[in-house]
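Welcome, and thanks for taking a look at this one with us. Please have the structure open beside you as you read.

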Amino acid sequence: MTLPSYPPGPKPGDRVAVVSPSAGLPGIFPHVYELGLRRLREEFDLEPVEYPTTRQVGADPRDRARDLTAAFADPTVTAVLATVGGDDLITVTPHLDDDVLRANPKPYFGYSDNTNVLNHLYRLGIVAYHGGSVLVHLGRPGRPHPLTFDSLRAALFTPGWYELTPAIEWGDRPNPWTEPETLADEPEMLPGEGWRWQGPARVVQGRTWGGCLEILHWLMAVDRVPTVGELAGSVLVVETSNELPDAQEVFRIVRNMGERGLLAAFPAVVVGRPKAWDFDHQLSVPERLAWGEAQRAAITRALAPYRPDAVVVFDVDLGHTDPQLIIPYGGEIRVNAVERRISVRY
């Protein structure tokens, strides 16, 4: 497999596809979706283009794949943004037209269940972007988060190196989409404590691979991940979802990656801050902080037998928590454990 290459990005004023290859939640929460579209127009000067399944709940996987393929095929569309995640995109990617995707590479933005698409594009040799969601991030209640929007703006419009910044505040307790009036309210935020570093003080630069940890486990189960040789020297970037896998489950998934041989390929591992609150799992702040500590310990324990010399950085704002930094998927990252800095190339 050749190394992934960066597709050209959009320019202000361009048309960009807005798709729902995972879940058609814009059809259930149009007030959140419309806020996201308005900010896409007003904050980024981009014109969203919808497809038949963008607002359709329960669309057939083949129809969702058809829309995603059409977004890449359309010569007037210069980027593709997923509206949100879900849980069955693994059934969609087999129906994509890979010849069309290869012939028309475009920046694709998504996370969570969209790890399926990010990994698929990686294997086709196309750099994509982990992060960005029309509902979750463009439709954030109150106001856009400046770290999220600065990172997204750079990933869309400014090729080159970008330094990631630790958040001075963060949150994992969203406002309920079922209550439209809460769109005016800022979500709860907690004080940030910076990134947590482990391992040797050295600089690692390589290509990224990874995504949502639970989805990676599914991809391993159906044998859709790159080989150890293809990943050698890469940086693993992982985060956990709003389904809140506990520390033991996280340990088992990372351990299984080690048994497959994957962990040996990664001289550095960047771990997103774990989400520890959801509407059916409402933990107190101390319980949420303890949840994060348990997950860090689980990942450390799982890495030890397979890659004890890895540089590991925890609590980077790149996953299901707020704010969210955009990470190129298959693109370059520099993890500097000497100066404790992380930069990515968009």
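What follows is a short tour of the sheet, its helices and one loop residue.

This is a predicted model. At its heart for this briefing is an open sheet of 8 strands, with mixed pairing and the order β6-β16-β15-β10-β11-β12-β13-β9. Two helix pairs are described as well: α9 with α10, whose axes are 8 Å apart, and α4 with α7, whose axes come within 9 Å.

**The sheet and its edges**

- The edge strands of the sheet are β6 (161–163) and β9 (196–198), and each of them pairs on one side only.
- From one strand to the next, the twist averages 25°.
- Strand β6 pairs with β16 (residues 341–345) in the antiparallel sense, over 3 bridges.
- If you would like a residue to click on there, Trp-161 has Arg-345 in β16 as its bridge partner.
- Helix α10 packs on this sheet and touches β9, β12 (268–272) and β13 (311–316).
- The direction of α10 makes about 160° with that of β13; angles over 145 degrees count as roughly antiparallel.

**Strand β10 and its two partners**

- Strand β10 spans residues 203–212 and is mostly covered, with 8 of its 10 residues buried.
- On one pairing, 5 bridges join β10 to β15 (residues 332–336), and these two strands run antiparallel.
- Within that pairing, Gln-205 stands opposite Arg-334 in β15.
- Another 5 bridges join β10 to β11 (residues 235–239), and here the strands run parallel.
- For this pairing, look for Gly-210, which stands opposite Val-237 in β11.

**Helix α7 and its crossing with α4**

- Helix α7 covers residues 213–221, and its buried residues are Leu-213, Glu-214, Ile-215, Leu-216, Leu-219 and Met-220.
- These buried residues pack against α4 (115–124), β10, β11 and α9.
- The axes of α4 and α7 cross at roughly 55°, so the two helices are oblique to each other.
- The crossing in which α4 passes α7 is right-handed.
- On the α4 side the meeting residues are Thr-115, Asn-116 and Asn-119, and on the α7 side they are Ile-215, Leu-216 and Leu-219.
- By type, the residues of this α4 and α7 contact divide into 3 nonpolar, 3 polar and no charged.
- Just after α7 comes Asp-223, which takes a positive phi of about 60°.

**Helices α9 and α10**

- Helix α9 (residues 247–260) and helix α10 (residues 285–303) pack at an angle of about 25°.
- Because angles under 35 degrees count as roughly parallel, α9 and α10 are roughly parallel to each other.
- Their crossing is right-handed.
- Helix α9 brings Ala-247, Gln-248, Val-250, Phe-251, Val-254 and Arg-255 to the contact.
- Helix α10 brings Ala-294, Gln-295, Ala-298, Ile-299, Arg-301, Ala-302 and Leu-303.
- The residues of this α9 and α10 contact divide into 9 nonpolar, 2 polar and 2 charged.

**A loop residue to check: Ala-265**

- Ala-265 sits in the loop between α9 and β12.
- Is Ala-265 buried or exposed? Its relative accessibility is 4%, so Ala-265 counts as buried, the cut-off being under 20%.
- Leaving aside neighbours within four places in sequence, Ala-265 is in contact with Val-228, Leu-231, Ala-232, Gly-233, Ser-234 and Arg-307.
- For orientation, Ala-265 and Gly-132 are 133 residues apart in sequence and 27 Å apart in space, taken C-alpha to C-alpha.

Notes
Residues are numbered from 1 along each chain as its sequence is written. This is a predicted model: local features need pLDDT of at least 70, side-chain atom pairs count only at pLDDT 80 or more; totals for chains, interfaces and linings use all residues. Side-chain values use heavy atoms; hydrogens and water are left out. Axes are lines fitted to C-alpha atoms, for helices over the stretch in contact, and angles run from 0 to 180 degrees between N-to-C directions. Helices (H or I, at least four residues) and strands (E, at least two) are DSSP runs, numbered from the N terminus. Angles under 35 degrees count as roughly parallel, over 145 as roughly antiparallel, 65 to 115 as roughly perpendicular and the rest as oblique. A crossing is left-handed if the near helix is turned anticlockwise from the far one by less than a right angle, and right-handed if clockwise. Contact means heavy atoms within 4.5 Å. Ala, Val, Leu, Ile, Met, Phe, Trp, Tyr, Cys and Pro count as nonpolar, Asp, Glu, Lys and Arg as charged, and the others, Gly among them, as polar. Buried means under 20% relative accessible area, exposed over 50%, partly exposed in between (1.4 Å probe, protein chains only). Two strands pair if DSSP finds at least two bridges between them.
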